[in-house]
Amino acid sequence: MSTVSLFGGATFPLGPFTPYEHNPILRPKGESWESSNLYNPAALVVDDRVVLLYRAHAEDIVSHIGIAVSDDGVTFEREDAPILSPEHDYERFGCEDPRIAFIEGTYYLTYTGWDRTMAQLCLATSPDLRRWTKHGPLFADFDTFKVMDPRGHNWSKAGVIVPQQIDGTWWMYFGEGGIYWATSDDLIHWTPGTADDEPMHLPTPGTFDEALVEIGTSPVLTDDGLLLMLTNGATREVHADGTVEVDYRCGQILIDPAEPTRVMARLQEPWLRPQTYEDTHGLVSNVTFVEGLVKFRGKWLAYYGQSDTTLAVAVAEPETGFGVGLRADG
């Protein structure tokens with residue numbers, strides 16, 4: 001089995017990305033576990049095929065993780081049964097929002113366990129994407145909203161594992177609300193690098209991620225040897241009648257492995273924002289939410305959820321670039 005674990009040859013900013021003209025590429029179907037909503041996929045390449053691990057659920061909004069495979073990156077065949085489903089109390093109302101890394105013959109899947117009170121970043125491992133061992137929540141008593149908008153209880157989502165060691169140590173970047181880092185010696189047990197009131201990256205006031213910033217995709221390697229990650233950001237507006245409008249858009253950050261605890265640059269403008277009907281209408285409207293990025297047959301493919309209801313892809317040619325402004329942090 002041949003699997004690319006860390007895609008190289010990127011430039012920062014990565015893009016421009018153009019949404020595929022025939023989006024959505026996957027929709028809910030039938031009367032099964034994926035009958036109401038299907039979105040937020042992890043992505044990887046296995047044996048020259050794109051594999052998506054996606055979140056889906058029926059009307060009960062109890063999420064499972066399914067699998068779909070494509071020869072061209074846009075036309076997918078999905079399996080009837082989910083590959084990961086709720087089993088334990090901490091995930092009894094959903095296994096949500098997967099990200100994946102392939103390291104030394106093992107797939108490492110991070111996902112959110114949801115009990116309708118706490119969101120907890122969890123880990124599962126597999127030798128073949130079918131048989132999974134769950135290792136439970138990773139960060140007890142950690143609130144990644146601690147600085148921005150405290151949850152008052154455990155809340156940790158969105159983890160991406162760097163599939164190559166940095167100075168002999170495994171690294172993970174995680175967090176919704178703020179972005180944090182953690183390290184591991186064995187890829188199973190992870191230790192946050194700071195307390196939850198000391199994030200390495202926070203939302204930027206007055207921009208598209210002023211309400212929250214969240215890790216989106218596993219890192220890719222730039223030609224300069226830097227780690228580039230796609231992110232999700234949100235604005236939040238409270239109207240006079242008390243209703244709240246949230247808008248999710250997609251950004252990018254850059255990290256130097258020589259200084260892995262600092263974001264050295266961020267994209268000041270989003271590379272993807274809600275535009276189409278599917279982007280602006282759904283279970284949670286006005287959402288473009290990226291979790292999967294692969295380099296496949298000379299193109300970059302970014303997979304994202306549309307309003308928590310359908311699944312889409314945006315495409316970029318690697319030899320092109322674009323001049324959206326950057327902000328150097330620190």
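Here are some worked exercises on pockets, cavities, salt bridges and backbone angles in this structure.

This is a predicted model, where local features need pLDDT of at least 70, side-chain atom pairs count only at pLDDT 80 or more, and totals for chains, interfaces and linings use all residues. Residues are numbered from 1 along each chain as its sequence is written, and side-chain values use heavy atoms, with hydrogens and water left out.

**Exercise 1. Describe the largest pocket and its lining.**

Step 1: get the term straight. On a 1 Å grid over the protein atoms alone, a pocket is an open set of points with protein on both sides within 12 Å along at least five of seven lines, a cavity is a set of points where a 1.4 Å probe fits but cannot get out, and lining residues have an atom within 4 Å of a point. Grid points are joined across faces, edges and corners, and the volume is the space filled by probe spheres set on the points.

Step 2: read off the volume, which is about 780 Å³ for the largest pocket. Its lining has 27 residues, and Trp 155, Lys 157, Glu 176, Tyr 248 and Val 284 are the closest to the centre.

Step 3: look at the strands (DSSP runs of E, at least two residues; helices are runs of H or I, at least four; both numbered from the N terminus). At least two lining residues come from each of β3 (37-46), β7 (95-103), β16 (212-215), β18 (227-238) and β19 (244-255).

Step 4: sort by class. Ala, Val, Leu, Ile, Met, Phe, Trp, Tyr, Cys and Pro count as nonpolar, Asp, Glu, Lys and Arg as charged, and the others, Gly among them, as polar. That gives 16 nonpolar, 1 polar and 10 charged residues in this lining.

**Exercise 2. Do the same for the second largest pocket.**

Step 1: the space here is about 150 Å³.

Step 2: the lining is made up of Tyr 20, Asp 72, Val 74, Phe 296, Arg 297, Lys 299, Leu 301 and Val 315. By class, you get 5 nonpolar, no polar and 3 charged residues.

**Exercise 3. Find the cavities, then connect the second largest one to a salt bridge.**

Step 1: searching the whole structure turns up 2 cavities of 30 Å³ or more. The second largest cavity holds about 40 Å³ of space.

Step 2: check the lining, which includes His 201, Phe 208, Asp 209, Thr 231 and Arg 266. β19 contributes the most, with 3 residues, and the class count is 4 nonpolar, 4 polar and 2 charged.

Step 3: Arg 266 and Asp 209 also form a salt bridge (a side-chain nitrogen of Lys or Arg within 4 Å of a carboxyl oxygen of Asp or Glu). Their closest N and O atoms are 3.3 Å apart. Arg 266 sits in strand β20 and Asp 209 in the loop between β15 (191-192) and β16, so the pair ties together parts 57 residues apart in sequence.

Step 4: check burial (buried is under 20% relative accessible area, exposed over 50%, partly exposed in between; 1.4 Å probe, protein chains only). Arg 266 is buried at 2%, and Asp 209 is buried at 3%.

**Exercise 4. Compare the settings of two other salt bridges.**

Step 1: start from the count, which comes to 19 salt bridges.

Step 2: take Glu 291 and Arg 99, whose side chains meet at 3.6 Å, N to O. Glu 291 is in strand β21 and Arg 99 in strand β7, 192 residues apart. Both residues are buried.

Step 3: now take Asp 128 and Arg 131, with closest N and O atoms 2.7 Å apart. Asp 128 is partly exposed at 24%, while Arg 131 is exposed at 55%.

**Exercise 5. Pick out the unusual backbone geometry.**

Step 1: recall the background. Most residues other than glycine have a negative phi, and most peptide bonds are trans.

Step 2: look for cis bonds. Phe 12 to Pro 13 is cis, with omega near 0°, and Gly 15 to Pro 16 is cis, with omega near 5°. Pro 13 lies in the loop between β1 (3-4) and β2 (18-19), and Pro 16 is found in the loop between β1 and β2.

Step 3: look for positive phi. Asp 48 has phi near 60° and is partly exposed at 45% relative accessibility. Ala 158 has phi near 65° and is buried, with a relative accessible area of 1%.
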